Amino acid sequence: MTCKHFGSCGSCGLYDLGYDEQLKEKESRVTALLLPFYEKKLEVFDSPSSHYRARSEFRIWHEGERCDYAMGKMPIDGVREKGAINIHECPKVIKPIEKRMWALLEKINASQEVLKNRLFAVEFLATTTDECLITMLYHRKLDDIWSKEAKSLEDTLNCKIMGRSRKQKVILSDEFVTEKLDIDGKTFTYVEYESGFTQPNPVVNVKMIEWAIKQAKRVGHGDFLESYCGLGNFTLPLSHYFNKVLATEISKGSIKAALENCVLNDVENITFARLASEEMTEALNGVREFSRLKEIDLASYNFSTVLVDPPRAGLDEGTIKLISTIEYIIYISCNPETLARDLETLTQTHDVIEAAMYDQFPHTAHVESGVFLRKI
Ligand SMILES: C[S@@+](CC[C@H](N)C(=O)[O-])C[C@H]1O[C@@H](n2cnc3c(N)ncnc32)[C@H](O)[C@@H]1O
């Protein structure tokens, strides 16, 4: 990918290496971090080098009568620069965003004040099936005149539009998109809410789920535990390889999406519970009872496998201790440093059988990785 804003826009920090070189650099970084625990070659899953991001947020910069998309400036020597630069192209977003974002900007600029006045950001959430939800964020209260104009934008751009301002959320049609992904020969339908977590790169997401399915097929027995399950991204496809599934997550909105996704995909063996992973540990250790779990017979589960996919901070001590008792662990990580830290403890009870790297975030230093562990 090339972009005229490389070197000035802070969004793509890795721009002076070609895509293959970037990938090699990330591979050697993750390989070095995992070396104390895994000596074989990592499996590496690449990304399309352009048009890979299905969600993106832009600031709106006002200059005279005109609005433009803007991004934070590239840091200099690691120091954040004040201000923003105007964006006139953004080849990292998937086509369903790209084909609407510039038409949207023209409409905003053509509207006298209604769409433009105190608009400060626009967020896009799109699917590979060409759905797009656009959220427009304002520093002013939105009224019926705004809704009428935004509704006509929905028709023109063939998209869904939401408006947000302080303590106000205006949903004109829906606050979600519906993604369909072909994963290991089956099609899965996922409702993705605007406010919930979604994996940013759908092509790499499928590769990552298929890698996890490969590990689940190897196990092929027992029950499955998952923490940090989000909207059921891994849960639904992996549920086919286990008897019963217990999946937990801290966000109420994500659990709502996960329950809807179960129905949409005719999956009946999963129980979702809204629990922080620290609470899940307390519940499974019998330390504390939760009214949210009163319908669930925790003692009936016989977990052979656990999947964890925590935020960048990695796992807490209690969760590490709990999952150390389970025979197989699939650990998906968006931060190889905390993954390596957690492996210091996990490898006292488990061996790393396979490790992989998935390039969810091309043109940035971020990298996603995964390890599959078996009890020693
Ligand atoms: C990296 S995302 C992974 C989500 C999901 N596995 C997916 O692939 O879409 C991490 C998830 O952990 C959730 N989360 C953050 N802190 C948590 C905690 N302490 N306990 C449980 N879930 C948490 C977030 O809401 C988010 O959905």
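Which residue has a polar side-chain atom 3.3 Å from a nitrogen atom of the ligand?

1. That's Glu278. Asp309 also offers a polar side-chain atom, 2.8 Å from a ligand nitrogen, and a polar backbone atom of Ile250 sits 3.3 Å from one. These are polar contacts (pairs of N or O atoms within 3.5 Å). On its own the ligand exposes 600 Å², and the protein buries 87% of that (accessible areas by the Shrake-Rupley method, 1.4 Å probe).

2. Keep in mind that this is a predicted model: local features need pLDDT of at least 70, side-chain atom pairs count only at pLDDT 80 or more, and totals for chains, interfaces and linings use all residues. Residues are numbered from 1 along each chain as its sequence is written, and side-chain values use heavy atoms, with hydrogens and water left out.

3. Now look around the ligand: 17 residues surround it (a heavy atom within 4 Å). The closest are Gln199, Asn233, Glu249, Ser277 and Asp309. By class, this shell has nine nonpolar, five polar and three charged residues (Asp, Glu, Lys and Arg count as charged; Gly counts as polar).

4. Elsewhere, have a look at two helices (DSSP runs of H or I, at least four residues). The contact (heavy atoms within 4.5 Å) uses residues including Arg100 and Lys107 of helix 2 and Leu153 of helix 3. The residues there divide into four nonpolar, one polar and two charged.

Definitions and conventions
A polar contact is a pair of N or O atoms within 3.5 Å; within protein, one must be able to donate a hydrogen and the other to accept it, and residues adjacent in sequence count only if both atoms are side-chain atoms.
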